[in-house]
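Colleague: Could you take a close look at one helix for me, along with the loop that leads into it and the charged pairs elsewhere in the fold? I'd love one connected walk-through.

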Amino acid sequence: MRGVVSAGMASALEQRRLLDCFDLVIGTSAGALNAAGFLAGVAEGCLVAYHGAFATRQFINPSRLLIGRPAIDVAFTLDHVDERLDAARHRRTVASDIPLHCVAVDVDTALVADLTDLRSESELRRALLASSRMPWIGGGPVEFRGRRWVDGGLAEPIPHRAAMGLGATHVLVLMTRPLGVSRTMPPRPANAMIERWLRRHNPALVELHRCRFSDYETTVSEIAAATNEPGTNGPFAYGLRLARGVPEVGQLERRPSVLEAAGRLASAHAAAVMDAAGVTASA
């Protein structure tokens, strides 16, 4: 649910009709879901859904774990249709001239991978589910192209390096945690269940899980340095990030008022940054 922040930022880009300024869009987990919505022209619809249809027990219900079912049902968000999120949006994402890249982790090799060249709505759906399949709480690994996949956030929650590896010279990074907020360990009982789940599928995944906090801080520091001191040679990265002191949105947040406030704040922040830089709406 922290993805409401990047959805708000993407909505600000969408409002200024800036999609065609991008050569590729890449995301991990909720970022991949928001990226698909951005390519389909429904970033604003995604933002509204976070504090509407998605802020329900149909999407997030921890009590389902008690009966052996996933607490998070990402498929619900993909299937959801309303006046802002039309059924044809997935078709538009697949048909877009701007490629979507979804970051996921291969369960059997414990290596991060880029799921792209998505040629059908079915492939898009499986790639998005793979990128966002949180261990234990989200269900079993996702089968896609003959491999088993799990949440890309285990290895690369902010895929700016992957974008540069694909040849990007300028990377705009939509960050969901405010300045000064670090990635934190899940509660001890939940963490034990997650590690047990990972160990059962591949013990090497446990190490990824344990290293993700320090790796996240390294990544955030890299993006901050690139933003504040861009240099002259590139590639260049600019991190959009909410100000210090802004409340963090929890992964399982379901309070509509909290989610709406966070999304609108993120959208306003992105708009203010673009105003200050003289970025106007594209023709």
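Modeller: Happy to; what follows starts with the helix, moves to the loop before it, and ends with the salt bridges. Please keep in mind that this is a predicted model.

Let's begin with helix α8, which runs over residues 188-201. Its 14 residues reach 20 Å from the first C-alpha to the last, close to the 20 Å expected at 1.5 Å a residue. Within α8, the buried residues are Asn191, Ile194, Glu195, Trp197, Leu198 and His201. They cover an arc of only 160° around the axis, so they sit on the same side of α8. Turn to the other side of the helix and you find Arg188, Pro189, Arg196 and Arg200, which are exposed. As for what covers the buried residues of α8, this includes strand β5 (147-151) and helix α9 (204-228).

Now step back into the loop between β6 (170-174) and α8, where arginine 183 has its place. This one may catch your eye: arginine 183 is buried, yet it has no salt bridge. The nearest side chain of opposite charge belongs to aspartate 151, and it is 6.2 Å away, whereas a salt bridge needs the nitrogen and oxygen within 4 Å. What the side chain of arginine 183 does reach is the backbone oxygen of glycine 153, at 3.3 Å. Leaving aside neighbours within four places in sequence, arginine 183 is in contact with Gly153, Pro157, Arg177, Arg212, Phe213, Tyr216 and Glu217.

Arg177, one of those contacts, does take part in salt bridges: it is linked with Arg2 and Glu248 in a network. Across the whole structure, a search finds 15 salt bridges.

Another one pairs aspartate 275 with arginine 16, with the closest N and O atoms 2.7 Å apart. Aspartate 275 lies in helix α10 (residues 256-277) and arginine 16 in the loop between α1 (3-15) and β1 (25-28), so the pair ties together parts that are 259 residues apart in sequence. Aspartate 275 counts as exposed, at 51% relative accessibility, while arginine 16 counts as buried, at 15%.

Strand β5, already met as part of the cover over α8, has a charged partner too. Its arginine 148 forms a salt bridge with aspartate 108, the closest N and O atoms being 2.7 Å apart. Aspartate 108 lies in the loop between β2 (100-106) and β3 (112-115), so this pair ties together parts that are 40 residues apart in sequence. Aspartate 108 is partly exposed, with a relative accessible area of 41%, and arginine 148 also counts as partly exposed, at 22%.

How values were computed:
Residues numbered from 1 in each chain as written. Predicted model: local features only at pLDDT ≥ 70, side-chain atom pairs only at ≥ 80, totals over all residues. Heavy atoms only, no water. Helix = DSSP H or I, 4+ residues; strand = E, 2+ residues; numbered from the N terminus. Expected span 1.5 Å × (residues − 1). Buried < 20%, exposed > 50% of the residue type's maximum accessible area, 1.4 Å probe, protein only. Arc of directions from axis to C-beta. Contact = heavy atoms within 4.5 Å. Lys, Arg positive; Asp, Glu negative; His and termini not counted. Polar contact = N/O pair within 3.5 Å; in protein donor to acceptor, adjacent residues only side chain to side chain.
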